[in-house]
Amino acid sequence: MKLVALPAFTDNYLWLWHNGQKAIAIDPGQASPVFEALDNLKLSLEAILVTHHHKDHIGGVQELQQKTNARVFGPEHSAIPNPYQVLHAKDKIELLDQTIEVLEVPGHTLSHLAFLTAQGAGREAQILFCGDTLFSGGCGRLFEGTPGQMLSSLAAFKSLADDTQVCCAHEYTLSNLKFALHIEPQNTQLLNYNAHCQMLREQSLPTLPSRIGLEKEINPFLRAHLPSVQQSAKEFDPTVADELSCFAALREWKNTF
Ligand SMILES: [Zn+2]
């Protein structure tokens with residue numbers, strides 16, 4: 001199976017996962033980049049996976065579904081165009097001879113899903129399609145959920161294997177790392193990763209997919225349990241005293257950073 005990131009809008013990635021003949025599109029906010037890729041790679045569209053109901057994740061669903069007859073899967077939400085199959089936590093779907101597990105990860109929106117592939121036969125790393133829940137060096141804004149909901153959604157990601165590939169839906173990495181470096185200016189891995197990502201972006205290359213193991217080392221939103229991160233968060237909110245209050249402070253601080 002191959003993974004392709006299709007840039008769309010100003011900073012979205014629409015992900016395609018394919019076997020050389022058939023493809024699965026994740027969060028096609030726009031139909032045209034998907035049609036273009038299907039054409040270039042000579043693929044037919046088997047299925048569409050939707051993580052959440054925001055327009056930049058579902059804008060292309062209807063047109064793609066109508067023109068390709070692909071099956072559509074997603075969370076329960078009235079904005080997602082019918083017909084589609086509603087999925088819930090722990091559901092498993094079989095597509096292209098691959099098993100994909102469904103996670104419910106509320107926070108950015110309440111009915112947000114993530115999709116986790118099973119480990120490949122050649123022991124290829126699992127892939128996590130996390131929508132707008134986790135970004136490299138950051139996390140999604142809390143439009144509908146609470147900090148506690150988002151923290152437990154991110155905790156589920158932290159429990160995945162370190163080599164799990166993380167397919168985020170936006171290229172927000174450099175601006176996230178700017179904030180991360182403010183929180184942890186001495187974090188050597190973060191400094192190295194920032195330099196690496198700057199080089200990639202200078203060549204207009206995606207910084208994604210990331211890896212869970214890396215995110216646990218550099219992403220402040222996965223590190224709110226650490227006393228040093230809590231200490232930094234006190235600059236924004238002096239009442240920070242534990243992981244949850246630290247996470248909530250970081251999330252709010254980042255909104256205006
Ligand atoms: Zn969103």
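In this predicted model, strand β5 (residues 71-74) and β6 pair in the parallel sense, and two bridges hold the pairing. One of the matched positions is Gly74, whose bridge partner in β6 is Val86. These strands belong to an open sheet of six, arranged in the order β1-β2-β3-β4-β5-β6 with mixed pairing. At the edges of this sheet stand β1 and β6 (85-86); each has a single partner strand, so one side of each is left without a neighbour in the sheet. For readers new to sheets, it helps to recall that strands pair through backbone hydrogen bonds, either parallel or antiparallel.

The antiparallel sense appears at the start of the chain. Strand β1 (residues 2-8) runs antiparallel to strand β2 (residues 12-18), and seven bridges join the two. Ala8 of the hairpin stands opposite Asn12 in β2. Three residues lie between the strands of this hairpin, and Phe9 takes a positive phi near 50° there.

A further open sheet also has six strands, in the order β7-β8-β9-β10-β13-β14, and its pairing is mixed as well. Here β7 (92-95) and β14 (210-211) are the edge strands; because each has a single partner strand, one side of each is left without a neighbour in the sheet. Strand β13 (residues 165-168) and β14 run antiparallel and are joined by two bridges. Within this pair, Gln165 has Arg211 of β14 as its bridge partner.

Turning from sheets to helices, the chain contains nine helices alongside 14 strands. Helix α6 (residues 188-202) is a good one to follow by eye. Its 15 residues reach 21 Å from the first C-alpha to the last, close to the 21 Å expected at 1.5 Å a residue. Which residues of α6 are buried? They are Leu190, Tyr193, Asn194 and Cys197. These residues cover an arc of only 105° around the axis, which puts them on the same side of α6. The spacing is easier to understand with a general rule in mind: an α-helix has 3.6 residues a turn, so residues three or four places apart point the same way. The buried residues of α6 pack against α5 (173-183) and α7 (212-218). On the face turned away from that buried side are the exposed residues Thr188, Asn192, Ala195, His196, Met199 and Glu202. Just after α6, Ser204 takes a positive phi of about 55°.

The interior of the model can be explored in a similar way. In soluble globular proteins, nonpolar side chains tend to be buried together. The largest nonpolar core in this model has 70 residues, and those that touch the most other members are Ala25, Ile48, Leu49, Phe129, Cys130 and Cys167. Leaving aside residues up to four places away in sequence, Cys130 touches Ala114, Phe157, Val166, Cys167 and Cys168.

Finally, the chain can be viewed as a whole. Buried residues account for 46% of its 257 residues. Of the contacts between residues at least 6 apart in sequence, 57% join residues at least 24 apart. The C-alpha trace spans about 55 × 40 × 35 Å along its principal axes. For a chain of 257 residues, a compact globule would have a radius of gyration near 18 Å, and the value of 18 Å found for this chain agrees with that.

Notes: Residues are numbered from 1 along each chain as its sequence is written. This is a predicted model: local features need pLDDT of at least 70, side-chain atom pairs count only at pLDDT 80 or more; totals for chains, interfaces and linings use all residues. Two strands pair if DSSP finds at least two bridges between them. Helices (H or I, at least four residues) and strands (E, at least two) are DSSP runs, numbered from the N terminus. The radius of gyration is taken over C-alpha atoms; the globule rule is 2.2 Å times the number of residues to the power 0.38. A residue is buried if 20 or more other C-beta atoms lie within 10 Å of its own, exposed if 12 or fewer, and partly exposed in between; C-beta atoms are placed from the backbone. Two residues are in contact if their C-beta atoms, placed from the backbone, lie within 7 Å. The expected span of a helix is 1.5 Å times one less than its number of residues. The arc is that of the directions from the helix axis to the C-beta atoms. A nonpolar core is a set of buried Ala, Val, Leu, Ile, Met, Phe, Trp, Tyr and Cys residues joined through C-beta atoms within 7 Å.
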